[in-house]
2 protein chains.
Amino acid sequence: MTAPLKSIEGAGELAPSMAKAMGELGHNGRLAARVLALASPAQKDQALDRMAAAVRAQKALILAANAEDIGEARAGGLSGAFLDRLALDEARVEAIATGIEVVRALKDPVGTVTESWTRPNGMTIERVRVPLGVIGIIYESRPNVTADAGALCLKSGNAAILRGGSDSMRSSRAIHAALSAGLRDAGLPEAAIQLVPTRDRAAVGLMLTGLDGNIDVIVPRGGKSLVARVQAEARVPVFAHLEGVCHVYVDKAASLDMAKKIVLNAKMRRTGVCGAAETLLIDRSAAATHLKPLIEMLIDVGCEIRGDKATQAADKRVKQASEEDWSTEYLDAIITAKVVDGVSEAIEHIERYGSHHTDAIVTEDKVAAERFLREVDSAIVLHNASTQFADGGEFGFGAEIGIATGRLHARGPVGVDQLTTFKYRIRGSGQTRP
Amino acid sequence: MTAPLKSIEGAGELAPSMAKAMGELGHNGRLAARVLALASPAQKDQALDRMAAAVRAQKALILAANAEDIGEARAGGLSGAFLDRLALDEARVEAIATGIEVVRALKDPVGTVTESWTRPNGMTIERVRVPLGVIGIIYESRPNVTADAGALCLKSGNAAILRGGSDSMRSSRAIHAALSAGLRDAGLPEAAIQLVPTRDRAAVGLMLTGLDGNIDVIVPRGGKSLVARVQAEARVPVFAHLEGVCHVYVDKAASLDMAKKIVLNAKMRRTGVCGAAETLLIDRSAAATHLKPLIEMLIDVGCEIRGDKATQAADKRVKQASEEDWSTEYLDAIITAKVVDGVSEAIEHIERYGSHHTDAIVTEDKVAAERFLREVDSAIVLHNASTQFADGGEFGFGAEIGIATGRLHARGPVGVDQLTTFKYRIRGSGQTRP
């Protein structure tokens, strides 16, 4: 990935006035979070409606701001892929508005009772979802994240503090102005969604310390260098995945047709997503029948294969894989391939080289499948389905703020439910503890 | 609380051999966690049975070790309360064994499917509980925590790395030997429950950094100074509460009898527990009838009251509360008392001075009660019940490793369920992503 390192590099001193401004951002976020936590679903939905309308109404302003960002980025010599992510057009602005409406249509998680029980003394205990509080989102120069992340936080009753890539500052500001208008129209505090008002990179460092306890969780959205930096420096919890080194294991009891379909989709549907397969493992007992067809299929569609000796023996076009290859996230039309001794060695390989993101087994053998699903310690494990289903939308969450591979709180796609915590409500009739 | 600061103070250099030993502890913990995650409920229960039996069989050794610890602590001039927590006798050793059996009898959380649904394309998605991994427990000189924490981690499939107070090292070692014997007997790795083998305080610092990613969460068990230090320095998630500044609000619609029962229990049942009430708030509209009886009741049982002007006016024996008093956790027979303007000011006071631990309202007015339960942002909120129910056992969790006031992952009593995370298992029939 092409994380523009400069957006978070450096831990220089922030000007005192800016440090003060950041402190106020945190303080105001906390106050807004309290209002949002108690806001009705209707009021939040009204704000989201107005935000979408304001994005459409202010389309010209947003595009003009984006044109300035693009001009400066181009002058600065930034690359094609970078410019593509930064650039907006009418269709993309419309997609931003629609995205807000998709979030609006989700079920409001706040107040949902997830468990309830009655104690022998007659007290009832309920576990109920409440917002996390204030969420800091640090992202690269993708202006649409401003609206996506802001909308998801609002729907889940959280205040958002957004820090976008410095190259997209004008675009983000223009989109943020539309979000602010929506909040105002619905009578919600504008501090519900705040944009860090500086390109100064030291502001990111301050966010990672939690702004005096006023940020509850950080979500980095971007490439590996951004995520690595955030994970290394954050003093508050982080929802993120560093990489998705995802595997497809083709078992001896796999249908070749199904294996071809799933491997092709898992690797090649989109090579740049975190759920794309990076390693193909094939059971030695199936190698005679399945190995060659799978390799040929991949090479025919332009995928480079780096393999072990057994795989190289099956096709001369397979390159030799190095030790590093097995744990590399290519995010490209490249895959490593290895012949393994059954499900045991497949699991062992995945535990050793994988990133605990998403891994799949293809087999008609239910016992092997259940073993794989049980023993592979990844956020998402699949049987007879493509790893590219690693996505909040595909899970039915409607939208996601990212995918997490951490073990605490959120794991897998992080949707609005995962942006909440809970509290216990106890109703009694005078009970005291003996 | 009387946390013996010396057990974690100082961040001196650890001898290279000890740093290596700590690294191995982490590595071995991770390997053991993998075995535990896949161990059957029966095997874990067998280990817990054998552990309880070994504690009983090795009672004489445990008591002898404890006598040495006590002798040294006494010679070092340690206080009565400290010695009481450190001291074991036959009954306390039996309670340790019984405690392990209580944990054994809990429902095994690992493998429980907490949610499942089917996607329009026919894939089924399950959310299933899996262990967190490796849990580091840092505690004071209470030898019983060695067994309690070890048993809870084992039941939930987690490896434990235990670091007890240095004054209880011999006692903890003797108890740990019994736990190891139980693990061996059941064929589980002894590294499932490891005891840090040094009194060197720098070992704690290493644990707080996560031992190269080999500790997933830290649980501090002890007084405020221990918890504060752990929260400030830990680079891994922490399950803890710093303090429990718990409130009881007596509304105008409260039954005086019930209010008396609940206030008395909440403050005086045990004053040293985190769920003990530290502040009494009384609705101005109920002051004429409720204030004096409540204050007299408390003073009659030996509770000191520090109040605002209105409370002082009701009884001359009420002392003047200072600004700091309102946010002080006394853990003693002292309470602050204030007259407030109804549920609104009560909520405002609790949000301003409370610690988001446990707060209660006493009222017959359902609307006021529901508003309080909704708006007070604490891990546990109660209507017409004592704050002293803030306890895993009272929740029906069977046992708890502590109470958390953090917002992520675990909140309120942390039982075996909260010592797990989850993964998604997806079963398909060849689905690929369009």
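## The interface

In this predicted model, 51 residues of chain A are in contact with 51 residues of chain B. If you would like to see where they come from, six elements of chain A each supply at least two residues to the side that touches chain B: the helices α1 (16-38), α10 (256-268), α14 (366-375) and α15 (392-395), along with the strands β13 (380-385) and β16 (420-431). The most is given by β16(A), with eleven residues. By residue type, the side of chain A that touches chain B divides into 22 nonpolar, 16 polar and 13 charged residues.

## How the two chains are related

Chain A superposes on chain B by a rotation of 180 degrees, with 0.0 Å of shift along the axis and an RMSD of 0.0 Å. That is the relation of a two-fold axis. To find the axis from chain A, look for A:His409, whose C-alpha is the nearest to it in that chain, at 2.0 Å. Both copies use the same surface, as 100% of the contact residues of chain A recur in chain B.

## A sheet that crosses between chains

Strands from both chains join in one open sheet of ten, with mixed pairing. The order is β10(A)-β9(A)-β11(A)-β8(A)-β7(A)-β12(A)-β13(A)-β16(B)-β2(B)-β1(B). At the edges stand β10 (319-320) of chain A and β1 (113-118) of chain B; each has a single partner strand, so one side of each is left without a neighbour in the sheet.

The step from one chain to the other is made where β13(A) pairs with β16(B), in the parallel sense and over five bridges. Here A:Val381 has B:Arg425 as its bridge partner. Within chain A, β7 (246-250) and β8 (277-283) also pair in the parallel sense over five bridges, and A:Cys246 is matched with A:Ala277.

Two helices are worth a look against this sheet. Helix α11 (284-300) of chain A packs on the sheet, touching β7, β8, β9 (304-307) and β11 of chain A, and its direction makes about 150 degrees with that of β8(A). Helix α10(A) lies across β7, β8, β11 (334-340), β12 (358-362) and β13 of chain A together with β16 of chain B, and runs at about 165 degrees to β12(A).

## The fold of chain A

Chain A holds 15 helices and 16 strands. Its radius of gyration is 24 Å, close to the 22 Å that the globule rule gives for 434 residues, so chain A is as compact as a globular protein of that length. The C-alpha trace spans about 70 × 65 × 40 Å along its principal axes.

Buried residues make up 54% of the 434 in chain A. Of the contacts in chain A between residues at least 6 apart in sequence, 73% join residues at least 24 apart.

Key
Residues are numbered from 1 along each chain as its sequence is written. Chains are lettered from A and ligands numbered from 1 in the order in which they are written. This is a predicted model: local features need pLDDT of at least 70, side-chain atom pairs count only at pLDDT 80 or more; totals for chains, interfaces and linings use all residues. Copies are superposed by least squares on the C-alpha atoms of residues with pLDDT of at least 70 in both. Two residues are in contact if their C-beta atoms, placed from the backbone, lie within 7 Å. Helices (H or I, at least four residues) and strands (E, at least two) are DSSP runs, numbered from the N terminus. Ala, Val, Leu, Ile, Met, Phe, Trp, Tyr, Cys and Pro count as nonpolar, Asp, Glu, Lys and Arg as charged, and the others, Gly among them, as polar. Two strands pair if DSSP finds at least two bridges between them. The radius of gyration is taken over C-alpha atoms; the globule rule is 2.2 Å times the number of residues to the power 0.38. A residue is buried if 20 or more other C-beta atoms lie within 10 Å of its own, exposed if 12 or fewer, and partly exposed in between; C-beta atoms are placed from the backbone. Axes are lines fitted to C-alpha atoms, for helices over the stretch in contact, and angles run from 0 to 180 degrees between N-to-C directions.
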